[in-house]
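This report goes through one protein chain, topic by topic. Please look over the sequence and the structure before reading on.

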Amino acid sequence: MKIAIDPGHGMSNKQPGVYDPGAMHRENGFSYQEADIALRYGLSLRDVIRARGHQVFMTRDDATDHMPVGKRAAAAKAAGCQTLVSLHLNDAEVDTAHGLEVLYRDDKVLAEKLQARLVQVTGLRDRGAKPRPDLAVLKFAGLAVLVELGFIANDGDRNTLLDPAMREKICEAIADIVLS
Ligand SMILES: [Zn+2]
């Protein structure tokens, strides 16, 4: 199987030549960026899927790749992928918003399975699987899910997601579901 991994945001995502960090949060002099955390998850997921003997196409694998969001689904298809997994962190007006959600175009069963497994593994709040056929990256011609791993401004979510051991568990769980 060949899986496309899309670490959300990054260079030229919204505007050519301009870096889009996605959601941002400052805490105790540290600055956290969604694009950076999503990339770390993307690279870990790539390693997990490759270790299981499957191929991976990355829509970006660093902070300089010029891959606008509108071209990512088509690039994944052109690369011969059957499934696309997009990785994001959520953003909200209030820091108290928290939890994990899986967005999907038409495969509700896959999305709900992934949602249930990720909630079980992380202990994060279950915000449910939600249909979002309007999202550009979910227009991928194949199975497509977008994981909103948690809220970047929420201390509980962010601390959970920044833990490398948790990242590994989450990536193993995503691989379990999308490769099954
Ligand atoms: Zn995002």
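Which residue forms a salt bridge with Glu27? The partner is Arg158, and the closest N and O atoms of the two are 3.8 Å apart. The model is a predicted one, and every value below is computed from it.

## Salt bridges

The count of salt bridges comes to 13. Side chains of opposite charge can pair when their charged atoms come close.

The salt bridge between Arg158 and Glu27 links distant parts of the chain, for Arg158 is in helix α4 (residues 155-162), while Glu27 is in strand β4 (residues 24-27). The two residues are 131 residues apart. Arg158 counts as buried, at 3% relative accessibility, whereas Glu27 counts as partly exposed, at 23%.

Another salt bridge joins the side chains of Asp36 and Arg40, at 2.9 Å from N to O. Both residues lie in helix α1, where they are 4 residues apart, about one turn of the helix. Asp36 is partly exposed, with a relative accessibility of 34%, and Arg40 is partly exposed with a relative accessible area of 34%.

Arg132 and Asp134 also meet through their side chains in a salt bridge of 2.9 Å, N to O. Arg132 is partly exposed at 32%, and Asp134 is partly exposed at 47%. Elsewhere, Arg52, Arg117, Glu172 and Asp176 are joined into one network by salt bridges that share partners.

## The zinc site

Which residues coordinate the zinc ion? They are His9, through NE2, Glu34, through OE, and His88, through ND1, at 2.0 to 2.1 Å. Along the chain, these donors follow the spacing H-x24-E-x53-H.

His9 lies in the loop between β1 and β2 (10-11), and His88 lies in strand β7, so this pair ties together parts that are 79 residues apart in sequence. Are the two histidines buried or exposed? His9 is buried, with a relative accessible area of 12%, and His88 is buried, also with a value of 12%.

## The nonpolar cores

The largest nonpolar core has 36 residues, and the members that touch the most others are Leu45, Leu118 and Ile174. Two or more residues of this core come from each of β1 (2-7), α1 (34-51), β6 (55-58), β7 (83-90), β8 (100-104), α3 (108-122), β10 (143-151) and α5 (164-178). Helix α5 gives the largest share, 8 residues.

What does Ile174 touch, leaving aside its neighbours within four places in sequence? Ile174 is in contact with Leu45, Val85, Leu87, Leu114 and Leu118. A second core, separate from the largest one, has 14 residues, including Ala73, Cys81, Leu84 and Leu138.

## The cysteines

How many disulfides does the structure hold? The number is 0. For Cys81, the nearest cysteine sulfur is that of Cys171, 17 Å away, and Cys81 is in no disulfide. A disulfide is a covalent bond between the sulfur atoms of two cysteines.

Why does Cys171 not bond to Cys81? The sulfur of Cys81 is the closest cysteine sulfur to that of Cys171, but at 17 Å it is too far for a bond. Cys81 is buried, with a relative accessible area of 2%, and Cys171 is buried, with a relative accessible area of 1%.

## Asn90 in strand β7

Asn90 lies in strand β7, the strand that also holds His88. At 12% relative accessibility, Asn90 counts as buried. With its neighbours within four places in sequence left aside, Asn90 is in contact with Ala23, Glu101, Glu148, Gly150, Phe151 and Ile152.

## The annotated domain

A UniProt record, an unreviewed entry, places the feature "domain: MurNAc-LAA" at residues 73-179. What is the make-up of this span? Residues 73-179 are 41% helix and 26% strand, and the C-alpha atoms at the two ends lie 19 Å apart.

Methods:
Residues numbered from 1 in each chain as written. Predicted model: local features only at pLDDT ≥ 70, side-chain atom pairs only at ≥ 80, totals over all residues. Heavy atoms only, no water. Core = buried A, V, L, I, M, F, W, Y, C linked by side-chain atoms within 4.5 Å. Buried < 20%, exposed > 50% of the residue type's maximum accessible area, 1.4 Å probe, protein only. Contact = heavy atoms within 4.5 Å. Disulfide = S-S within 2.5 Å. Salt bridge = Lys/Arg side-chain N within 4 Å of Asp/Glu carboxyl O. UniProt positions renumbered as here; feature names shortened; annotations may be inferred. Donors = N, O, S within 2.8 Å, 3.2 Å for Na, K, Ca; no water.
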